[in-house]
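Got your viewer open? Let's take a short walk together, one selection at a time.

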Amino acid sequence: MENNAAEKRTSATVWQVAKAVMFAFMGIRKKSDLENDAATLKPTQLIVGGIIGAIVFVISIILLVRLVVS
């Protein structure tokens with residue numbers, strides 16, 4: 001039965017994944033938003049979003065340091 005529920009989940013938009021990952025990086029989230037994410041987001045979407053978010057974060061820190069140092 002659990003597979004049936006997982007198959008019925010609607011796929012989340014790119015914006016929903018980005019928002020969930022961004023709030024996860026900051027460590028803040030409403031309980032209602034968390035429950036909504038759990039119902040709509042797939043684990044693979046979160047993994048890919050997290051990796052992309054981490055890459056963007058690291059690149060932005062590197063660019064910021066280069067800007068300040070130069």
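## Start with the whole fold

Show the protein as a cartoon: you will find four helices and zero strands. Keep in mind that this is a predicted model. Follow the chain from the N terminus and the elements read α-α-α-α.

Now switch on the surface. The protein exposes about 5,800 Å², and carbon and sulfur atoms supply 70% of that area. Of the 70 residues in the protein, buried ones make up 14%.

## Step into the largest pocket

Next, select Val 17, Ala 18, Val 21, Gly 49 and Gly 53. Among the 14 residues that line the largest pocket, these lie nearest its centre. The space in the largest pocket comes to about 190 Å³.

Which helices each supply at least two residues of this lining? Colour helix H2 (14-26) and helix H4 (43-69), and you have them. Then colour the lining by class: 10 residues are nonpolar, four are polar and none is charged.

## Finish at Gln 45

Stay on helix H4 and select Gln 45, which lies in that helix. Is Gln 45 buried or exposed? Its relative accessible area is 17%, so Gln 45 counts as buried, the cut-off being under 20%.

Show its side chain and look towards Ala 12: a polar atom of the Gln 45 side chain lies 3.5 Å from the backbone oxygen of Ala 12. To see the surroundings, add Ser 11, Ala 12, Val 17 and Thr 40; Gln 45 touches each of these, leaving aside residues up to four places away in sequence. Val 17 may look familiar from the previous stop, where it was one of the residues nearest the centre of the largest pocket.

How values were computed. Residues numbered from 1 in each chain as written. Predicted model: local features only at pLDDT ≥ 70, side-chain atom pairs only at ≥ 80, totals over all residues. Heavy atoms only, no water. 1 Å grid on protein atoms, 1.4 Å probe; cavity = no way out; pocket = protein on both sides within 12 Å on 5 of 7 lines; lining within 4 Å. Points joined across faces, edges and corners; volume = space filled by probe spheres on them. Nonpolar A, V, L, I, M, F, W, Y, C, P; charged D, E, K, R; others polar. Buried < 20%, exposed > 50% of the residue type's maximum accessible area, 1.4 Å probe, protein only. Polar contact = N/O pair within 3.5 Å; in protein donor to acceptor, adjacent residues only side chain to side chain. Contact = heavy atoms within 4.5 Å. Areas by Shrake-Rupley, 256 points an atom, 1.4 Å probe, with all protein chains shown as cover.
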